[in-house]
Amino acid sequence: MSGELPLNINIREPRWDQSTFVGRANHFFTVTDPRNILLTNEQLENAKKIVHDYRQGVVPPGLTENELWRAKYVYESAFHPDTGEKMVLIGRMSAQVPMNMTITGCMMTFYRTTPAVLFWQWINQSFNAVVNYTNRSGDAPLTVNELGTAYVSATTGAVATALGLNALTKRVSPLIGRFVPFAAVAAANCINIPLMRQRELKAGIPVTDDSGTRLGESTHAAQQAISQVVVSRILMAAPGMAIPPFIMNTLEKKAFLKRFPWLSAPIQVSLVGFCLVFATPLCCALFPQKSSMSVTSLEAELQARIQESHPELQRVYFNKGL
């Protein structure tokens with residue numbers, strides 16, 4: 001049964017042109033919308049049904065194009081694009097701003113003592129591990145042993161980095177000390193993301209042609225995907241961890257915060273949150289979600305298979321993860 005809505009709307013792709021930064025930014029402002037974490041399971045399942053039905057040529061009476069696009073983005077905010085499984089709530093991209101503003105704000109407020117550094121770096125890396133695993137590319141699951149080893153290695157490396165940098169700052173100005181959390185987060189991203197996505201580096205991620213036909217798995221594509229995500233994550237954290245220190249350093253010299261020091265953490269969290277509302281979607285948009293690479297850049301064996309079955313194919317595509 002068909003409604004008035006045409007069946008040729010390509011909801012497998014984003015609504016906006018992904019070949020431009022502006023188009024990708026519009027897409028990710030929708031993907032990272034924090035309001036999506038407030039949606040009920042019933043709303044998520046309803047969006048899933050609308051999307052699946054539409055792909056099968058079934059359109060509910062009265063469904064508008066805007067409602068269809070809304071359903072697509074609600075569905076994709078909660079279900080993994082490769083596995084189709086419902087993602088854990090705090091691992092979804094819509095949870096990035098509220099979770100990161102709280103954790104980052106606290107990291108930057110409580111950075112002076114070793115126990116505080118240990119606790120907040122552990123919390124941050126535990127959260128990052130959940131996000132990195134939830135938003136991995138491909139459909140090859142990590143075993144429990146691999147997941148545990150990756151988590152322990154990533155968290156230990158991040159905490160050690162933070163403590164080492166914190167020790168060095170005792171000989172520099174308080175303002176420089178405020179940048180320790182950012183340096184630790186940047187270094188930790190270089191450790192955490194590859195470790196939590198190590199399965200992709202070993203087994204490869206699915207590569208397809210432009211129409212989505214799966215051609216094989218590539219570790220070279222995985223390396224490119226993970227590199228892009230590391231860069232995006234570091235730049236995503238930069239505004240929220242680089243701008244507030246200057247503001248807080250000035251505010252803490254004022255009589256107001258000296259009189260009400262307990263306001264320091266809420267102010268810091270709010271400043272970080274304001275930065276992240278813009279930095280998160282804009283940095284996600286730096287690279288296309290559906291990334292591509294030349295066939296000649298793939299592994300020799302995969303190149304040979306593709307050139308034999310698709311001799312005219314010049315580029316392959318893959319989901320880079322987030």
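**Exercise 1. Find the kink in α12 of this predicted model, then check the helix's length against its residue count.**

Start with the bend: α12 kinks by about 35°, and the kink is centred on Leu276. Next, the length. Helix α12 covers residues 264–284, which is 21 residues. At 1.5 Å a residue, that should give a span of 30 Å. Now look at the end C-alpha atoms: they sit 29 Å apart, so the two values agree.

**Exercise 2. Which residues does UniProt list as "transmembrane region", and how much helix do the spans 230–247 and 267–287 hold?**

First, pull up the record: the unreviewed UniProt entry gives residues 175–195, 230–247 and 267–287. Then take 230–247, which is 100% helix and 0% strand, with its end C-alpha atoms 27 Å apart. Finish with 267–287: here you get 86% helix, again with 0% strand, and 32 Å between the end C-alpha atoms.

**Exercise 3. Work out which elements build the largest nonpolar core, and which residues have the most contacts inside it.**

Begin with the core itself: it has 28 residues, and Leu5, Ile9, Ile11, Tyr54 and Leu68 have the most contacts inside it. Now sort by element. Those giving two or more residues are α1 (21–31), α2 (41–55), α3 (65–78) and α12. The largest share, 7 residues, comes from α3. Zoom in on Ile11: leaving aside residues up to four places away in sequence, Ile11 touches Val51, Tyr54, Arg55, Leu68, Trp69, Lys72 and Glu76. Last step: look elsewhere for a second, separate core, which has 14 residues, including Ala221, Val295, Leu302 and Val316.

How values were computed
Residues numbered from 1 in each chain as written. Predicted model: local features only at pLDDT ≥ 70, side-chain atom pairs only at ≥ 80, totals over all residues. Heavy atoms only, no water. Helix = DSSP H or I, 4+ residues; strand = E, 2+ residues; numbered from the N terminus. Expected span 1.5 Å × (residues − 1). Bend = angle between axes of the 7 residues up to and from the residue. UniProt positions renumbered as here; feature names shortened; annotations may be inferred. Core = buried A, V, L, I, M, F, W, Y, C linked by side-chain atoms within 4.5 Å. Buried < 20%, exposed > 50% of the residue type's maximum accessible area, 1.4 Å probe, protein only. Contact = heavy atoms within 4.5 Å.
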